[in-house]
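Let's take a look at a protein and the ligand it holds. We'll start with the ligand and its contacts, then move on to the pockets.

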Amino acid sequence: MTQDELKALVGRAALAQVKPGTVVGVGTGSTVNHFIDALATMKADLLGAVSSSVASSERLRAHGIRVLEAAEVESLPVYVDGADEIDPQGHMIKGGGAALTREKIVADLAERFVCIADASKQVPVLGAYPLPVEVIPMAAAQVARRFAAAYGGTATLRAGVVTDNGNAILDVRGLRITDPLAMETEVNQWPGVVTVGIFARHRASVCLLGTADGVKELNF
Ligand code: 5RP
């Protein structure tokens, strides 16, 4: 199976995690796009969705699925999203699609984070994938220097990218993230950092992993 077929497989499998009569949290990315397309088949049974990006909102609306603002709900039973990397404890790197801040906001509303990913995203230790960090543009150089000093990472500005919140993305290479919670907590304190793309506080509750042998369910 191709990577995209594996993404489609887990996108469809995630439907079973969505209870009829509820509002579902929806992430961003090519795997989630498959989930959104599958979600359209149960739209009559759905109250709506809270989305983590303009792109996902547009896709949901195109399918006739009602999109609610985060402010309109107090909690969500489930948030479904992809990941760039996921470790054996369910910690993730996210933000490859630059939507990490809204993803963390919607994940924070949810009781369960359902990660959908193809098997290439499973890693023993986070950090081979460049860590995305949303920053206020005036702080980008300063945050990059701090990454070098604190963790030996090399941060580069993602060219031509402005987030849905009007900010910039730094991609940090050369990290080996052995304590994701500690790094997330530390980096989030740095002035100018909006959100670091480590999801440790909001790690996955379950991961539906697309493999050549089918969907593997990992519970954390
Ligand atoms: C977007 C994300 C995505 O979930 C992540 O980049 C995975 O994307 P894809 O499903 O396209 O592989 O965090 O900000």
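## Who touches the ligand?

First, a bit of vocabulary: a polar contact is a pair of N or O atoms within 3.5 Å. Keep in mind that what you're looking at is a predicted model. With that in hand, take Ala 99: one of its backbone N or O atoms is 3.2 Å away from an oxygen atom of the ligand. Gly 82 also uses a backbone N or O atom, and here the distance to a ligand oxygen is 3.4 Å. Lys 94 does it with its side chain instead, placing a polar atom 2.9 Å from an oxygen atom of the ligand.

How much of the ligand does the protein bury? On its own, the ligand would expose 380 Å², and the protein buries 92% of that.

## The shell around it

Zoom out a little and you'll find 17 residues around the ligand. The ones that come nearest are Ser 30, Thr 31, Asp 84, Gly 95 and Lys 121. What kinds of residues make up this shell? Eight are polar, six are charged and three are nonpolar.

## The pocket the ligand fills

Which pocket does the ligand take up? It's the second largest one, with a volume of about 190 Å³. Its lining has 16 residues, and Thr 28, Gly 29, Ser 30, Ala 83 and Asp 84 lie nearest the centre. Helix H2 (residues 30-39) gives the largest share of that lining, namely three residues.

Sorted by class, the lining of this second largest pocket comes out as eight polar, six charged and two nonpolar residues.

## The largest pocket

Now for the largest pocket, which has a volume of about 230 Å³. It is lined by 14 residues, and those nearest its centre are Ser 51, Ser 57, Glu 69, Ala 70 and Arg 102. Which elements give two or more residues to this lining? They are strand S2 (48-51), helix H3 (54-62), strand S3 (67-68) and helix H4 (100-109).

As for the classes, the lining of the largest pocket splits into seven nonpolar, four polar and three charged residues.

Note on methods:
Residues numbered from 1 in each chain as written. Predicted model: local features only at pLDDT ≥ 70, side-chain atom pairs only at ≥ 80, totals over all residues. Heavy atoms only, no water. Near = heavy atom within 4 Å. Polar contact = N/O pair within 3.5 Å; in protein donor to acceptor, adjacent residues only side chain to side chain. Areas by Shrake-Rupley, 256 points an atom, 1.4 Å probe, with all protein chains shown as cover. 1 Å grid on protein atoms, 1.4 Å probe; cavity = no way out; pocket = protein on both sides within 12 Å on 5 of 7 lines; lining within 4 Å. Sits in = over half its atoms within 2 Å of the grid points. Nonpolar A, V, L, I, M, F, W, Y, C, P; charged D, E, K, R; others polar. Points joined across faces, edges and corners; volume = space filled by probe spheres on them. Helix = DSSP H or I, 4+ residues; strand = E, 2+ residues; numbered from the N terminus.
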